[in-house]
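User: I'd like to learn how to read the surroundings of a ligand and an annotated site. Can you walk me through it?

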Amino acid sequence: MTGIQIVQSANTVPERVVPNDELNTYMETSDEWISTRTGIKQRHVSTGQTTSDLCTSVAQKLLDQSGWQASDLDFIIVSTMSPDYLTPATAAIVQGRIGATNAFAFDLNAACSGFIYGLKVAEGLLQAPGSRGMLIGGEVLSKLVDWHERSTAVLFGDGAAGVLLENVKSTSSAFLATDLQTIGELGDRLTAGYQPVNSVFAMDSTDPHRQYFEMDGRAVYKFATHQVPESIERAVNQAGLLVDDIDYFILHQANQRILDQIAKRLDQPTDKFLSNVAAYGNTSAASVPILLDEAIQHGTLQRGQTIALGGFGGGLTVGTQIIKY
Ligand code: ACO
């Protein structure tokens, strides 16, 4: 058991709020359809902030609130599927802006499981006593959405959040177990951001719409409601615990119906499944840390409690991290 502690959390979402009703301007939909199918009431949408802008804001808050210096950081990881560039990495931009000169920095893309995959990578990097890292999940998904395609546009939002992690050589907090799975053969069920091969040697005639989200909603729903409970059960077993021992489930916020179905499959009360999907929609790699930060800020989550953090999404990927907070 490593003594890795979540020292600080923070989040930043764009100011602009788009309620369901406003989406009628761009597509034929309704608050009633969106609310009953997904639980989403509104989302925050960037009016120009990039993923690195949101992540830098989170990074600055993390430092300000913890009292850590940027130079204390050994690494910065940004989990994102919507980086500003393919290079430089979003994490490298953040590193430069906050002046974390001792930190190496890189992005990780596991779509909506990105924060969970990032925790596993961070754990591996935090083996030395006293080592310190920053993990942020940040997305501007609004640039990957076709705002006239109602079957996907209503689902997503923008935001970023993250944590400071430290190897504190303590048994009072810990990363207890991880379960990560990737089902690459189902990757075409959820795609976004296709990069066409256009050069003097090749002309890619792929439909340009493939830059936007394309999703087999029913297949993703089925995948999530089956694979996530199984992943949680595997991780809980690995930790030597029972599902009943988990105080809170902080899962990727894609859809309230998915969360309710997972609770049912695990035979757990729905109030153990924290939710803010109504306020933010699906913010991919940012959703778990935004919810985690809110749970910490609101005092819902207390030191010593056992939580299951979980992600699922593009890849297809799924992951669970059991933490004694
Ligand atoms: N407003 C109004 N009507 C709509 C909308 C909309 N926004 N979107 C679709 N419809 C219509 C469809 O055209 C269809 O009409 P038809 O029957 O006349 O053809 C009808 O509503 C039903 O459409 P379905 O797609 O079958 O609706 P479904 O009940 O499957 O719900 C949903 C769709 C909410 C997307 C569901 O499949 C789901 O939750 N899937 C999981 C998706 C998800 O969460 N993905 C994200 C996870 S991965 C990640 O985070 C990146």
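User: Which residues surround the ligand most closely here?

Analyst: A residue is near a molecule if its C-beta atom, placed from the backbone, lies within 6 Å of it. Here 23 residues surround the ligand, and the closest are Thr29, Cys112, Gly217, Ala254 and Gly313. Keep in mind that this is a predicted model: local features need pLDDT of at least 70, side-chain atom pairs count only at pLDDT 80 or more, while totals for chains, interfaces and linings use all residues. Residue numbers start from 1 along each chain as its sequence is written.

User: Which residues does the UniProt annotation "active site" cover?

Analyst: UniProt annotations may be inferred rather than shown by experiment; positions follow the numbering used here, and feature names are shortened. In this case the unreviewed entry lists Cys112, His252 and Asn282. They span 171 residues in sequence, yet no two of their C-alpha atoms are more than 8.7 Å apart, so they gather at one spot.

User: Is His252 buried or exposed?

Analyst: Buried means 20 or more other C-beta atoms within 10 Å of the residue's own, again placed from the backbone. His252 is buried, because 31 other C-beta atoms sit within 10 Å. Asn282 is buried too, with 24.

User: What is His252 in contact with?

Analyst: Contact means two C-beta atoms, placed from the backbone, within 7 Å. Leaving aside neighbours within four places in sequence, His252 is in contact with residues including Cys112, Ser287 and Gly313. With that same exclusion, the contacts of Asn282 include Gln253, Ala254 and Ser287.

Note on methods:
A residue is buried if 20 or more other C-beta atoms lie within 10 Å of its own, exposed if 12 or fewer, and partly exposed in between; C-beta atoms are placed from the backbone.
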